[in-house]
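Colleague: Could you take a close look at how the protein meets the DNA? Please go slowly enough for a first-year student.

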There are 2 protein chains.
Amino acid sequence: MDLDDRNKKVLQAVIDSYIASGSPIGSTVLVKRFDFGVSSATLRNIMADLEEMGYLTHPHTSAGRIPTDLGYRYYIDSLISVENDSDDIEEHLQQAPQLHGDDLQELMEEASRFLATLSHCAGVIVAPSESEAAYRHIEFVRLRGRQVLIIFVTSNGIVQNKLIDIDESIRQQDLNGFSAYLDEELEHRSLAEVRQQLTEKMKEEKLVFMQLMNETYRASQDVQERENEKVYIGGASQMLESPEFANVEKMRALFKAFEDKYKLLKLLDRSVSAQGIKVFIGSENPYFEMQGCSMVVGNYNAGSNVVGTLGVIGPTRMQYKQVIHVVDYTAKLLTKLLGERFQRGLDR
Amino acid sequence: MDLDDRNKKVLQAVIDSYIASGSPIGSTVLVKRFDFGVSSATLRNIMADLEEMGYLTHPHTSAGRIPTDLGYRYYIDSLISVENDSDDIEEHLQQAPQLHGDDLQELMEEASRFLATLSHCAGVIVAPSESEAAYRHIEFVRLRGRQVLIIFVTSNGIVQNKLIDIDESIRQQDLNGFSAYLDEELEHRSLAEVRQQLTEKMKEEKLVFMQLMNETYRASQDVQERENEKVYIGGASQMLESPEFANVEKMRALFKAFEDKYKLLKLLDRSVSAQGIKVFIGSENPYFEMQGCSMVVGNYNAGSNVVGTLGVIGPTRMQYKQVIHVVDYTAKLLTKLLGERFQRGLDR
DNA sequence: ATTAGCACTCGCCAAGATAGAGTGCTAATA
DNA sequence: TATTAGCACTCTATCTTGGCGAGTGCTAAT
């Protein structure tokens with residue numbers, strides 16, 4: 001905002017130092033480590049100004065300064081130069097392990113650990129939202145006795161399966177016929193259309209396949225809802241490394257929060273609206289009651305549509321520059337991998 | 001072993017009290033809380049004896065007694081009466097939430113949380129070993145471009161899917177034909193037999209479906225191996241409740257250990273040989289370097305064959321009586337549910 | 001506007017004091 | 001011989017105290 005050049009430099013120096021060391025930064029330390037060409041007394045004045053403006057604070061009277069959430073915000077908005085030394089980080093990322101999960105689920109787990117390892121925070125990934133997948137195929141397989149396995153396949157390779165009981169009089173051949181019929185009727189339709197069609201057909205007909213239709217309906221729902229609700233958390237123990245959580249109460253709260261995946265899901269999903277990386281600092285995040293935590297979130301996609309959210313959660317005092325890079329990199333990586341594997345769009 | 005009745009009672013009283021309170025038990029406390037008909041001085045003598053025999057120990061000279069691992073072992077082997085007040089526990093369990101996961105994976109996650117909630121420990125479940133599943137059906141679905149989704153179904157309803165690229169010249173009709181051919185050839189065979197058959201066929205033929213066969217082979221392998229390696233951990237934060245882990249270092253070690261699911265898998269799998277609940281106290285477990293932890297493990301199955309392991313991991317000072325019941329109950333519950341849903345055996 | 005100097009504040013840490021819990025031993029007792 | 005009462009002793013946990021060091025904020029000089 002209205003900071004002059006010198007103030008900016010001091011603020012940056014304080015935050016950088018604090019991020020690196022974790023302990024409050026005093027005027028003398030600053031004078032020693034940086035060359036501002038002024039004395040410690042002047043720095044004290046500057047820091048007092050910055051404190052008055054709300055960017056810094058004091059744990060207690062005779063301690064050094066630490067950044068406030070507002071200070072971090074300013075730091076991230078104005079002081080981080082993403083261009084700077086991004087080469088180092090890029091190089092570092094090159095050496096990162098590769099992802100090679102065979103199926104979607106495995107890939108997600110791997111990627112969440114990947115995020116965690118590189119960022120030293122907990123990595124979180126929300127599974128891609130499948131709202132634009134189209135119907136591709138359905139299969140009914142008779143198992144033992146009354147059991148039938150329904151396999152529902154979407155155009156982007158998501159497979160949903162479900163076990164149900166049906167009348168024994170329906171034979172595998174009948175099932176195959178019905179499956180072919182559904183394929184015929186529903187191919188290339190979006191999941192929403194599929195459900196609409198099914199509802200209509202169920203009204204018209206009064207047939208033996210009623211139950212199967214019903215279950216197909218539910219399967220299409222499940223693909224959209226349940227898959228969409230999956231949250232993968234990797235490397236949560238990374239967070240225990242930072243001294244911020246060397247407190248038993250905080251740890252407990254943290255892990256409780258991580259176990260409530262649904263809340264995390266909502267948190268991440270609501271956090272991101274547009275493309276690009278967003279940073280939420282400490283109290284800025286209304287949905288996450290965890291104190292002293294920041295989130296760096298981004299999107300990944302396949303094709304042109306946004307399909308998923310990913311990010312890291314760590315202490316407010318985190319290496320933002322690096323973490324932002326890591327999240328960005330991972331988002332692009334996932335986008336690329338998903339683009340290759342689960343190519344979206346209708347199959348024509 | 002060679003403990004007389006009074007010694008047994010004292011040992012039991014000490015361990016019960018220690019489990020309940022968490023702090024060392026002194027002779028006066030014992031005299032107040034129980035009625036042994038002797039004075040505290042006598043109790044001191046008895047406790048000194050028990051210490052000499054290795055069942056109890058001292059944190060320091062002027063503290064009360066706490067059980068050793070050997071003490072716990074004796075407690076579990078000889079002093080716990082499973083019959084006793086099992087009614088209370090049974091009743092308590094009746095009020096437990098029900099499990100209703102739709103697919104296997106969801107059920108496992110739910111069950112692990114179930115274990116954790118009822119035992120106040122971390123719940124761990126190793127997914128059922130599918131070694132005896134038989135081939136049921138294979139399906140190839142063309143997606144966009146070169147992509148083909150392979151869906152492999154076993155007789156007990158496990159679905160494994162995999163995305164591959166193949167030559168565009170192979171049409172969906174061809175795939176259907178090949179699928180029908182494989183179904184014909186492989187139906188009712190065990191997975192081991194399936195692989196054997198495929199290997200032979202691949203030798204004989206030099207056909208366009210080579211790649212598909214190869215992938216089918218790998219899918220059958222994956223069903224056996226990957227599914228088998230899945231470990232579900234629920235409610236790990238439960239463990240943070242106990243004061244034993246109110247130590248940052250221990251917490252870290254604990255969560256690091258939980259993140260290495262593969263190690264946990266081996267640990268649990270090797271721990272259980274036969275039917276029934278087993279208890280591993282502290283240092284008794286060679287694979288788990290975690291200090292101060294005990295495990296209570298059991299089996300669940302579907303039909304007559306052992307298929308999976310489940311258990312809880314908690315502090316050595318845990319409510320063994322209750323936890324053993326919970327593990328037993330959960331094992332039976334899972335066995336029942338799996339019996340209903342994923343009925344095993346060939347489909348005739 | 002900057003700087004040097006100085007009094008002051010506060011957290012940290014080690015040392016000492018104290019209280020409390022519990023033991024082990026000894027001598028008395030039934 | 002087994003049990004008990006009594007007592008000295010040990011060890012921990014907690015509280016207090018005082019010194020140290022880091023760092024600030026203010027004032028007066030430049």
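Modeller: Start with B:Thr28. One of its polar side-chain atoms lies 3.4 Å from a phosphate oxygen of DNA strand C. That is a polar contact (a pair of N or O atoms within 3.5 Å). This is a predicted model, in which local features need pLDDT of at least 70, side-chain atom pairs need 80 or more, and totals for chains, interfaces and linings use all residues. Residues count from 1 along each chain as written, chains are lettered from A and ligands numbered from 1 in written order, and side-chain values use heavy atoms, without hydrogens or water.

Two more contacts reach strand C. A polar side-chain atom of A:Thr42 is 2.4 Å from a phosphate oxygen of DNA strand C. B:Arg44 goes for a base instead: an N or O atom of its side chain is 3.2 Å from a base nitrogen of DNA strand C. Which elements give two or more residues to the surface near this strand? Helix H3 (40–52) of chain A does, together with helix H2 (27–33) and helix H3 (40–52) of chain B. Helices here are DSSP runs (H or I, at least four residues), numbered from the N terminus. H3(A) gives the most, with 4 residues.

Now take the whole surface near strand C. It has 23 residues, and the closest are A:Arg6, A:Thr42, A:Thr61, A:Ser62 and B:Ser27. Of the DNA strand C atoms that come within 4 Å of the protein, 76% belong to sugar and phosphate. "Near" asks for one heavy atom of the residue within 4 Å. By class, 14 of the residues near strand C are polar, 5 nonpolar and 4 charged. Asp, Glu, Lys and Arg count as charged, and Gly is among the polar ones.

Strand D comes next. Around DNA strand D there are 23 residues, the closest being A:Ser27, B:Arg6, B:Thr42, B:Thr61 and B:Ser62. Sugar and phosphate make up 78% of the DNA strand D atoms within 4 Å of the protein. A side-chain N or O atom of A:Thr28 is 3.3 Å from a phosphate oxygen of DNA strand D. A:Arg65 also has a polar side-chain atom 3.1 Å from a phosphate oxygen of that strand. B:Arg44 returns here: a side-chain N or O atom of it is 3.2 Å from a base oxygen of DNA strand D. Helix H2 (27–33) and H3 of chain A, with H3 of chain B, each supply at least two residues to the surface near strand D. H3(B) has the largest share, 4 residues.

Conventions. Polar contact = N/O pair within 3.5 Å; in protein donor to acceptor, adjacent residues only side chain to side chain.
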